[in-house]
Amino acid sequence: MEWLNSIWGVVTIAFIAGAVGTLIGGLLGVIVKKPTKNYIGYMLGFAAGAMLAVALFELLPEAVEHGDELFRGGGIVVTIIGLALGALFVFLFEPKKSKKNDNSHNDKLTGEINSGKPLENFIDKKEQEVAKEQKKFKRLGIAVFVAIILHDFPEGLAIGAGAHIGSALIFGAVLLLHNIPEGLAIAVPLKASGMNIKKILVICFAAGLPTLLGAIIGYYMGGATDWLLAFTFAFAAGVMLYVVLSEMLPTAYEYAKNKKLLSVFILTGAVILIVFATILHH
């Protein structure tokens, strides 16, 4: 058991919890060869619920707790700053929608159709709509990928720091389980975008690698990681909340036919992650 709390044990645990966890989620996300809009909506809802629970019931409380280790009341200060900067980061750097180009393209098509030209000239309209949808899902997949990367780094810090109190394996086991729906959250929109399955799985695998880096840093910094954990947990929460509220949930509600059933998927994802978070803290 001592090996599990050594640097090699920490590296092994972090690799499995991070990269393998998100890869398993990615595999679940690409099982369906031709996902319907309804399926995409429900799966995004489940993943969004899970990510909301991670941000609200794990990342933010952890940020406050570690921030308070710095000075009394410091947790709230660090959490607010990190949360705001995380949301701002995604807002500034996420791929933007090109509404102007979309509108001009639609106006052009409408003008050509009304001109009385043969119908054969407009057979690509459906293809243009499909391409537009695929671009939307690719943008969503990339945004979730960034959110997961930023989230997995502080998870790695927790695994590394946990080795000093003999809890690296416990941290790793729980984090492995809750990284699965995060891999799913990346894979589902990328699959809907038409991306190659192998490429999707590589991306899901890569999303978990920051856990490894964080674990190594956390192991060697030991108890000095409080300030870093506080900020990165809060920053990751800001990124997650922004992506979930601005992209994942609106898309899920747009695509899912049964809104009540979608709510069940969202709550199920949240409950599962809350259970994992509760186990982690005990």
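A salt bridge is a side-chain nitrogen of Lys or Arg within 4 Å of a carboxyl oxygen of Asp or Glu. Side chains of opposite charge can pair when their charged atoms come close. In the predicted model described here, the side chains of Glu254 and Lys136 meet in such a salt bridge, with a distance of 2.6 Å from N to O. Glu254 belongs to helix H9 (residues 226-255) and Lys136 to helix H5 (residues 125-162), so the pair ties together parts that are 118 residues apart in sequence. The two partners differ in their surroundings: Glu254 counts as partly exposed, because its relative accessibility is 48%, whereas Lys136 is buried, with a relative accessible area of 17%.

The structure holds 2 salt bridges. Besides the pair already described, the side chains of Arg139 and Glu247 meet at 3.8 Å, N to O. This pair also links distant parts of the chain, with Arg139 in helix H5 and Glu247 in helix H9, 108 residues apart. Arg139 is buried, with a relative accessible area of 10%, and Glu247 is likewise buried, at 8%.

The overall architecture is considered next. The secondary structure of the protein comes to 10 helices and 0 strands, and the pattern read along the sequence is accordingly α-α-α-α-α-α-α-α-α-α. Of the 282 residues in the protein, 49% are buried. Among contacts with a separation of 6 or more, 85% are between residues 24 or more positions apart. The protein exposes about 13900 Å², and carbon and sulfur atoms supply 70% of this area.

Two of the helices were examined for their course. Helix H1 (residues 7-29) has 23 residues and spans 32 Å from its first C-alpha to its last, close to the 33 Å expected at 1.5 Å a residue. A kink of about 30 degrees is present in H1, centred on Val20. Helix H2 (residues 37-68) has 32 residues and reaches 45 Å between its first and last C-alpha, close to an expected 46 Å at 1.5 Å a residue. H2 bends by about 30 degrees at Ala55. Of the 32 residues of H2, 23 are buried, so this helix is largely enclosed by the rest of the structure.

One residue of H2, His66, illustrates how parts of the chain that are distant in sequence are brought together in space: His66 and Trp227 are 161 residues apart in sequence, but their C-alpha atoms are 6.8 Å apart. His66 is buried, with a relative accessible area of 15%. When residues up to four places away in sequence are not counted, His66 touches Asp226, Leu229, Ala230 and Phe233.

A second histidine, His151, is found in helix H5. At 0% relative accessibility, His151 counts as buried, because the limit for this class is under 20%. Leaving aside neighbours within four places in sequence, His151 is in contact with Val54, Leu59, His178, Asn179, Glu182, Ala236 and Met240. The C-alpha atoms of His151 and Phe233 are 7.1 Å apart, while the two residues are separated by 82 residues in sequence.

Burial is also found in a loop. Ser193 is placed in the loop between helix H6 (168-192) and helix H7 (197-207), and counts as buried at 10% relative accessibility. Apart from neighbours within four places in sequence, the contacts of Ser193 are Gln134, Phe137 and Lys138. For Ser193 and Phe137, a sequence separation of 56 residues goes with a C-alpha to C-alpha distance of 5.1 Å.

The surface, finally, carries a nonpolar patch formed by Val77, Ile81, Leu85, Leu88, Phe89, Phe91, Leu92, Phe93 and Phe231, with about 820 Å² of accessible area together. Helix H3 (residues 74-93) gives the most to this patch, with 8 residues. Leu92, one of the patch residues, has its place in helix H3.

Terms used
Residues are numbered from 1 along each chain as its sequence is written. This is a predicted model: local features need pLDDT of at least 70, side-chain atom pairs count only at pLDDT 80 or more; totals for chains, interfaces and linings use all residues. Side-chain values use heavy atoms; hydrogens and water are left out. Helices (H or I, at least four residues) and strands (E, at least two) are DSSP runs, numbered from the N terminus. The expected span of a helix is 1.5 Å times one less than its number of residues. The bend at a residue is the angle between axes fitted to the seven residues ending there and the seven starting there. Buried means under 20% relative accessible area, exposed over 50%, partly exposed in between (1.4 Å probe, protein chains only). Contact means heavy atoms within 4.5 Å. Patches are made of residues with over 30% relative accessible area and no salt bridge: like charges are joined within 9 Å, nonpolar side chains (Val, Leu, Ile, Met, Phe, Trp, Tyr) within 5 Å. Accessible areas come from the Shrake-Rupley method with a 1.4 Å probe; for residues, only the protein chains shown count as cover.
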